[in-house]
Amino acid sequence: MADEFAIVEDHEIQSATSRTHKPLVETHHRAVLELSNREWRLGNFGNALYVISQAIPYFVLMNVRWMMAGSYVPADVSRWLGGLWPTIFLALGILFTWIGVGAIRAGKPGTLQWTFLVSALLGVAAIVTLFVPLRIHSWDVMSHFGSIYVVCLGVAIFYTTLTTIVVLGVVFRTAAGLIGPKTTFGPHSAAIMWTFNAIAWFALYVTLDLV
Amino acid sequence: MSSTFAQPSDAQFLRRGRRIMPPVVRGLLWAAIGFFILNTLVSEVLDRTPFAPYVTKLSVTFGWAGATCGWLLGVGAWELVVKPYFGYPVEWEVPNDWRRYFMMSLDHKVIGMQYMVSSVSGFFIAGFAAMWMRLELMNAGLWAFPTPNAYLSTVGIHGTIMMFSFGTVMLVGGFGNFLIPLMIGSNSSAFPRVSAISQWLLPVGIITVALSPMLGTWTTGWRGYAPLAQQDPNGIVFYYLGVFAMTTSSLLVSINLTATILFQRAKGLTWNRIPMYAWGILAASLLNIIWLPEIQMTFVLALVSNIVPLPMFAQIGTPLTYMEVFWLFGHPEVYIVVVPAFALWQEILPVMGQKTLFARAWGILGLVFVMMFSGLVWAHHMFTNMRNDQMLPFSFFTEMISIPTGFAFLVSLGTVWKSKLRLTTPTLLVFMSMFNFLIGGVTGVMLADPVINLQTHDTFFVVGHFHYTIIGAMVFSFMAAGYYWLPRFSGRMYNEALGRLGAIWVFVAFNGAFGQFLLLGLRGMNRWVPVYPKYLQGMNFEVSLFAFLLGLGFLFNLIHIVWMWRRGKPADANPWHSKTLEWQSTSMPGETNFVSPPKVLTGFYDYSDDSPVWKATPPKEVS
Ligand code: HEM
Ligand SMILES: [Cu+2]
């Protein structure tokens with residue numbers, strides 16, 4: 001349809017554009033290419049927007065916890081399942097993912113792979129320890145604390161599942177040879193996402209159980 | 001978001017894909033499978049309540065999630081996002097013809113078009129609901145609906161689809177995706193995959209809300225007020241889920257466009273040269289990024305309370321807790337709708353008058369301050385639930401917000417002052433939009449006054465007010481932009497006489513209908529009622545006639561635009577002699593915008609001299 005434009009402006013390039021009908025190739029495999037500095041910053045900005053926007057649901061939850069249940073914690077809520085265990089697993093994952101990122105920068109894809117695999121397993125462990133108290137518990141789901149708590153567990157499971165899948169993707173892409181010392185943006189972002197998820201859960205846990 | 005960078009020219013990485021069935025068909029099939037699997041899992045395996053039907057409100061929630069994932073994967077996310085993420089090569093070929101609109105695409109112009117079509121479809125679906133409501137209100141008794149609940153569900157469907165698939169979306173996801181990369185001299189948006197996915201969530205949301213009566217009626221309207229929602233039959237579940245799809249869609253677009261505006265600008269396009277529309281989109285996007293997640297979490301709480309069920313917002317927390325968290329989002333939402341419209345005025349008027357934009361910096365300040373203030377005023381929606389001494393700050397800030405809003409007016413008026421304005425259809429529609437928004441704004445300031453608010457709360461005065469701001473300002477500006485950019489989208493020109501006729505038609509019908517909404521409200525017409533006192537019937541009857549005329553007017557404009565899109569006279573590449581960059585490229589969907597990256601030399605809104613705004617830099621070698 002572009003041919004139907006009459007060319008009025010005299011910018012040389014423009015007429016060339018409209019005439020050549022160059023089809024836009026819509027797919028690419030960017031992962032194997034190096035990112036420019038600008039692209040790095042852009043990518044990190046994207047990560048920042050992800051973190052900022054996804055921190056807000058957590059703020060809402062914390063806020064609602066106060067609005068609806070004050071600071072009350074029932075005596076029979078387990079400190080470990082749905083509490084410290086997932087916190088520990090996620091915290092360990094922060095360590096492993098960033099070790100992995102450091103390793104790939106130093107050109108050791110093998111290390112990246114196993115650290116991220118360990119993180120993924122830690123993710124699964126966190127999901128399990130978040131899920132168990134959702135199904136088996138002594139506190140009352142219909143209570144003030146109980147109803148907030150189940151929602152928080154559900155939210156944490158959702159985000160941890162997402163994060164674990166993302167971390168797992170890095171393992172696969174490294175195996176396919178798509179991640180190397182100069183193409184570390186993938187693991188870097190996955191580590192950011194992991195760290196965010198761990199901190200967000202920790203903040204939630206503190207609001208729920210400790211404060 | 002990793003490895004989704006724009007690099008549309010890496011042809012060597014493209015492999016020919018296997019042949020698959022048409023993606024939309026595959027999407028529907030996978031959606032059906034996804035629904036079947038998850039619904040069965042939940043209702044028949046995990047939760048085996050005896051005698052429960054196959055579809056329960058718990059299982060339908062999971063089934064819906066499965067269907068949505070199946071749909072997204074089917075229309076292309078499987079090849080374009082998931083497989084590459086796990087290290088497989090991308091095998092996704094977008095044919096360079098009409099089929100590209102029926103599959104996931106990374107071309108921002110294709111995505112923009114898809115968004116426009118989805119969004120306008122939402123507008124007409126919700127508009128149909130409005131017509132039905134007005135039909136009911138022609139008579140003081142219940143006659144066009146079987147039950148009051150059916151009427152209320154229709155009001156809810158109307159408001160929800162209008163707000164979340166059109167008001168929030170059209171100018172951002174639609175025009176924004178198509179035009180923003182062009183306007184800033186880029187070949188792509190920053191994260192094309194993000195917009196690609198988000199577009200396909202929109203139809204999911206529209207259809208989900210439109211089909212909500214399948215699960216039962218709901219009476220809360222677009223605000224989903226809990227705990228009222230918990231008392232209704234199950235239709236409300238599809239409200240939450242549909243809104244979740246639509247808000248996720250807008251959130252993703254906003255993230256993409258924010259990054260695009262900040263990072264993809266052409267050389268020389270410095271901060272003080274950013275186009276007005278890009279400023280408008282930036283402001284709206286930032287609001288989206290903050291407030292959409294907020295309302296999503298609120299709705300998750302309400303949904304969970306509903307399906308588990310939990311006693312939240314009723315025995316635990318109060319209805320006021322819900323109102324609080326809803327309106328925290330709800331007021332910024334209205335600025336998400338209207339700020340891009342202001343920006344459109346400032347985009348169109350300097351071009352039509354070929355006169356430099358007046359006080360541009362103040363225009364930007366206006367947009368930014370409106371954005372920042374919008375989080376401070378939410379409780380003006382809750383005056384009836386507050387003590388007098390709590391009202392004052394909210395009343396005050398609400399009235400203050402009219403000051404930066406006024407900048408948008410002054411900038412526009414200053415621009416047309418003594419210009420040789422061409423009174424084309426877009427100009428006309430911008431003026432109409434300004435006039436309507438003036439009424440919307442003045443009634444808004446009135447409503448910010450608790451004394452008036454307590455009298456008119458929940459009457460048609462309020463309904464008149466917000467339709468003046470939303471239809472009056474946003475929809476009229478959308479139409480102005482539709483006519484203004486038609487030559488850019490299609491290469492063809494509309495018919496000026498028909499365009500003006502269409503504009504005057506909707507203007508007269510709109511004011512005839514909604515001007516009288518205001519009067520009806522003052523006479524005591526409640527909103528949210530299919531049945532009302534007999535003495536109001538005469539005026540309601542007449543309002544409905546105007547409303548039908550308005551509906552036909554929108555249809556007329558739609559037909560005109562669609563017709564001219566295909567059959568109009570071929571237009572010049574830059575028919576309005578605009579200086580902004582979207583007119584400096586004639587690329588159609590599927591083509592590269594700027595083969596050689598542009599370098600911007602001056603601002604876009606200075607019409608005092610003829611020096612070129614940009615030059616082409618030598619094309620980058622594609623290795
Ligand atoms: C096509 C012309 C339209 C007509 C005739 C119309 C008419 C109506 C009517 C009669 C109501 C019900 C008022 C009540 O009882 O509370 C209503 C509500 C509403 N309308 Fe419209 N409307 C139109 C277009 C729009 C548009 C374009 C938007 C936004 C983009 C919109 C947004 C809303 C909202 C948010 C509500 C409130 C729903 C609720 O209370 O949940 N309307 N409209
Ligand atoms: Cu408000």
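Tutor: In this predicted model, the donors of the copper ion (ligand 2) are spaced H-x48-H-H along the chain.

Student: Which protein atoms are the donors of this copper ion, and what makes them donors?

Tutor: They are B:His331 (ND1), B:His380 (NE2) and B:His381 (NE2), at 1.7 to 2.0 Å from the ion. A nitrogen atom counts as a donor within 2.8 Å of the metal, so these atoms qualify.

Student: Where in chain B do B:His331 and B:His381 lie?

Tutor: B:His331 belongs to helix α10 (residues 319-353), whereas B:His381 sits in the loop between α11 (360-373) and α12 (388-400). The two are 50 residues apart, and the pair links distant parts of the chain.

Student: Why is B:His331 called buried?

Tutor: Its relative accessibility is 7%. Buried means under 20%, so B:His331 meets the criterion.

Student: What makes B:His381 partly exposed?

Tutor: The relative accessible area of B:His381 is 22%. Partly exposed covers the range between the 20% limit for buried and the 50% limit for exposed, so B:His381 falls in that class.

Student: How many helices and strands does chain B contain?

Tutor: Chain B has 18 helices and four strands.

Student: Why is chain B called as compact as a globular protein of its length?

Tutor: The radius of gyration is 24 Å, and the globule rule gives 25 Å for 623 residues; the two values are close, so the description applies.

Student: What percentage of the residues of chain B count as buried?

Tutor: Of the 623 residues, 63% fall in the buried class.

How values were computed. Residues numbered from 1 in each chain as written. Chains lettered and ligands numbered in written order. Predicted model: local features only at pLDDT ≥ 70, side-chain atom pairs only at ≥ 80, totals over all residues. Heavy atoms only, no water. Rg over C-alpha atoms; globule rule 2.2 N^0.38 Å. Buried < 20%, exposed > 50% of the residue type's maximum accessible area, 1.4 Å probe, protein only. Donors = N, O, S within 2.8 Å, 3.2 Å for Na, K, Ca; no water.
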